[in-house]
Every structure is written in structure tokens, then in C-alpha cells.
Amino acid sequence: MLILGGTAEARELAALLTARSGLRVTTSLAGRVSRPGTVTGDVRIGGFGGADGLADWLRDQRVDALVDATHPFAESITANAARAAAATGVPSVVLRRPGWRPEPGDRWHPVASLAEAAALLPTLGRRVLLTTGRLGLAAFAHLTDLHFVVRSVELPDPPMPPHTEVLLARGPFTVADEAALLGAHCIDVLVTKDSGGTATAAKLTAARHLALPVVVVRRPALPPGVTAVPDVASVREWLALDPL
């Protein structure tokens with residue numbers, strides 16, 4: 001088994017599979033985070049060299065099944081995994097937690113990209129909480145009249161907007177903490193990717209309570225023809241494994 005990891009679901013799946021005898025489970029991490037969460041089983045760090053390199057690894061390691069449990073915005077990795085699985089005939093599935101859904105009172109502004117989010121921001125507010133990860137801040141670097149609070153697990157990559165505060169933090173976060181953060185920094189607009197899950201969803205509830213606009217970057221589409229499931233239990237069913 002090869003799990004393309006980096007998410008809580010990938011860690012949960014690795015723990016479930018390694019508890020079974022007769023399975024060799026390897027989780028591959030891209031290496032973008034210096035302190036990833038604890039992963040059960042074998043761990044591989046770094047890229048494969050694109051779809052062809054991943055296909056070679058699947059053949060060399062005689063992989064029987066591939067689970068892509070990467071972040072919903074890891075578009076290139078997911079595309080390479082789909083191509084490698086197709087080239088080798090290795091059965092594959094994409095594990096994607098469901099995206100967030102707006103609730104009554106939400107002031108969401110869905111956009112297709114970080115660039116589109118940046119173009120919309122000046123019409124919504126002047127003080128921005130940006131929670132889109134450490135990559136891609138260049139899309140906002142030209143917004144010299146706005147103040148940004150950038151929250152990230154690790155230091156973001158430059159270039160960044162000139163008026164930027166960086167907060168290093170890892171979820172999960174509570175609604176009370178998120179409301180306090182928004183208030184302390186006088187935030188009037190939030191920007192997030194539709195990552196889904198519960199670890200970072202509290203910011204959306206806090207923004208709803210404060211009637212703040214939220215710019216939500218939509219997920220990239222999955223490659224055509226891939227099988228996608230919403231949770232670890234569904235992967236177990238896809239593998240036709242009985243519960244322990």
C-alpha cells in the first residue's frame with residue numbers, strides 16, 4: 001500500500017492499515033512541513049519526479065493499491081498520481097474530506113483562485129486574515145493599501161504584501177479563540193481555501209457571528225475518471241477490508 005499523505009485522514013488511514021498483519025504500508029510526504037504529525041508505518045519524504053517517477057516507484061515496490069490522501073489543493077500531486085496509476089494499472093482512490101458548506105448568516109464570496117481573491121479584497125475590507133497556507137502569497141503582494149495577518153503552520157514564502165504580520169499556529173482552533181483573534185487584530189475580511197474538515201472550521205463560525213465577509217477559494221477539480229471517497233471508512237470499504 002502507498003498512501004500519499006500530509007493530512008489527518010492519511011495518518012488515520014496509515015494507523016488503521018498498519019494494525020493489520022500482512023500489509024506493508026508506506027506513507028509518502030512531500031516534505032513541505034518540517035514537523036509533520038506522527039505517521040504509523042513506513043514513511044517516505046520527498047517527491048517522486050512527476051508521474052513517470054511515481055509510476056516507476058509503484059512498479060519497483062510492487063504496490064497493490066494507491067490512496068491519494070493529500071490536501072484538497074495538492075492539484076499537481078493528485079494529477080501525477082492519477083497518471084501513474086493509469087500507466088501501471090495499480091488500483092487507486094482519492095480520499096477527500098467533504099468541503100465546507102455555507103450556513104445561514106454566512107457572507108461568503110466564492111472565487112476560483114488566489115488571484116481572484118486578491119482582486120476582490122479591496123472591495124470588502126482593509127484588514128485581512130489570510131489563512132491560505134504559506135505558499136501563494138505573491139498573489140497578494142501588490143496590495144500595498146491593505147494590512148494582512150497571515151496565519152500559517154510554518155513561515156510563508158516571499159514575496160508577501162508589505163504590511164504583513166505572520167502568526168505561526170497549527171489547528172485545531174476553537175470558535176472563542178478565533179473570535180478573539182479577529183477582534184484583537186481588527187479583522188474585517190477573512191480569506192481561506194475550502195480545505196474542509198473540523199480543525200480550522202471554527203474561523204468560519206467566528207466570522208459568521210461577527211458578520212464578516214469571507215473569501216473562499218474553491219477546490220480544484222479532480223482529474224477525470226478518478227474514484228473519490230469522503231473518509232477513511234470508505235477507503236476500507238474500497239479495499240474490501242473487514243473491520244478489525
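The exercises below, each with a worked solution, concern a predicted model.

**Exercise 1. The sheet and its edges**

Determine the order of the six strands in the open sheet, and explain why one side of S3 and of S12 is left without a neighbour in the sheet.

Solution. Begin with the strand order, which reads S3-S2-S1-S4-S5-S12, with parallel pairing throughout this open sheet. Strand S3 (42-45) and strand S12 (228-229) stand at the edges and each has a single partner strand, so one side of each is left without a neighbour in the sheet. At the S12 edge, strand S5 (residues 92-95) is joined to S12 by two bridges, and these two strands run parallel. One residue pair can be named here, since Val94 has Ala228 of S12 as its bridge partner.

**Exercise 2. Helices on the sheet**

Identify which strands helix H1 and helix H2 touch, and then state which residues of H2 are buried.

Solution. Take helix H1 (residues 8-18) to start with: this helix packs on the sheet, where it touches strand S1 (2-4), strand S2 (26-29), strand S4 (66-68) and S5, and its direction makes about 165° with that of S1. Helix H2 (residues 50-60) also packs on the sheet, but its contacts are with S1, S2, S3 and S4, and its direction makes about 155° with that of S1. Turning to individual residues, Ala51, Gly53, Leu54, Ala55, Trp57 and Leu58 of H2 are buried, and the buried residues of this helix pack against S1, S2, S3 and S4 as well as helix H3 (75-88). After H2 comes Arg62, which has a positive phi, near 55°.

**Exercise 3. A loop residue**

Locate Thr132 in the fold, and decide whether this residue is buried or exposed.

Solution. Thr132 is found in the loop that lies between strand S7 (127-131) and strand S8 (147-152). Its relative accessible area is 5%, and because the cut-off for buried is under 20%, Thr132 counts as buried. When neighbours within four places in sequence are left aside, the residues in contact with Thr132 are Leu114, Val191, Thr192 and Lys193.

**Exercise 4. Two packed helices**

Describe how H5 and H6 are oriented to each other, and classify the residues of their contact.

Solution. Helix H5 (residues 175-184) and helix H6 (residues 202-209) pack at an angle of about 60°, and their axes are 8 Å apart. H5 and H6 are therefore oblique to each other, and their crossing is right-handed. H5 contributes Val175, Glu178, Ala179 and Leu182 to the contact, while H6 contributes Ala202, Lys203, Thr205, Ala206, Ala207 and His209. Sorted by type, the residues of this contact comprise six nonpolar, two polar and two charged.

Note on methods: Residues are numbered from 1 along each chain as its sequence is written. This is a predicted model: local features need pLDDT of at least 70, side-chain atom pairs count only at pLDDT 80 or more; totals for chains, interfaces and linings use all residues. Side-chain values use heavy atoms; hydrogens and water are left out. Two strands pair if DSSP finds at least two bridges between them. Helices (H or I, at least four residues) and strands (E, at least two) are DSSP runs, numbered from the N terminus. Contact means heavy atoms within 4.5 Å. Axes are lines fitted to C-alpha atoms, for helices over the stretch in contact, and angles run from 0 to 180 degrees between N-to-C directions. Buried means under 20% relative accessible area, exposed over 50%, partly exposed in between (1.4 Å probe, protein chains only). Angles under 35 degrees count as roughly parallel, over 145 as roughly antiparallel, 65 to 115 as roughly perpendicular and the rest as oblique. A crossing is left-handed if the near helix is turned anticlockwise from the far one by less than a right angle, and right-handed if clockwise. Ala, Val, Leu, Ile, Met, Phe, Trp, Tyr, Cys and Pro count as nonpolar, Asp, Glu, Lys and Arg as charged, and the others, Gly among them, as polar.
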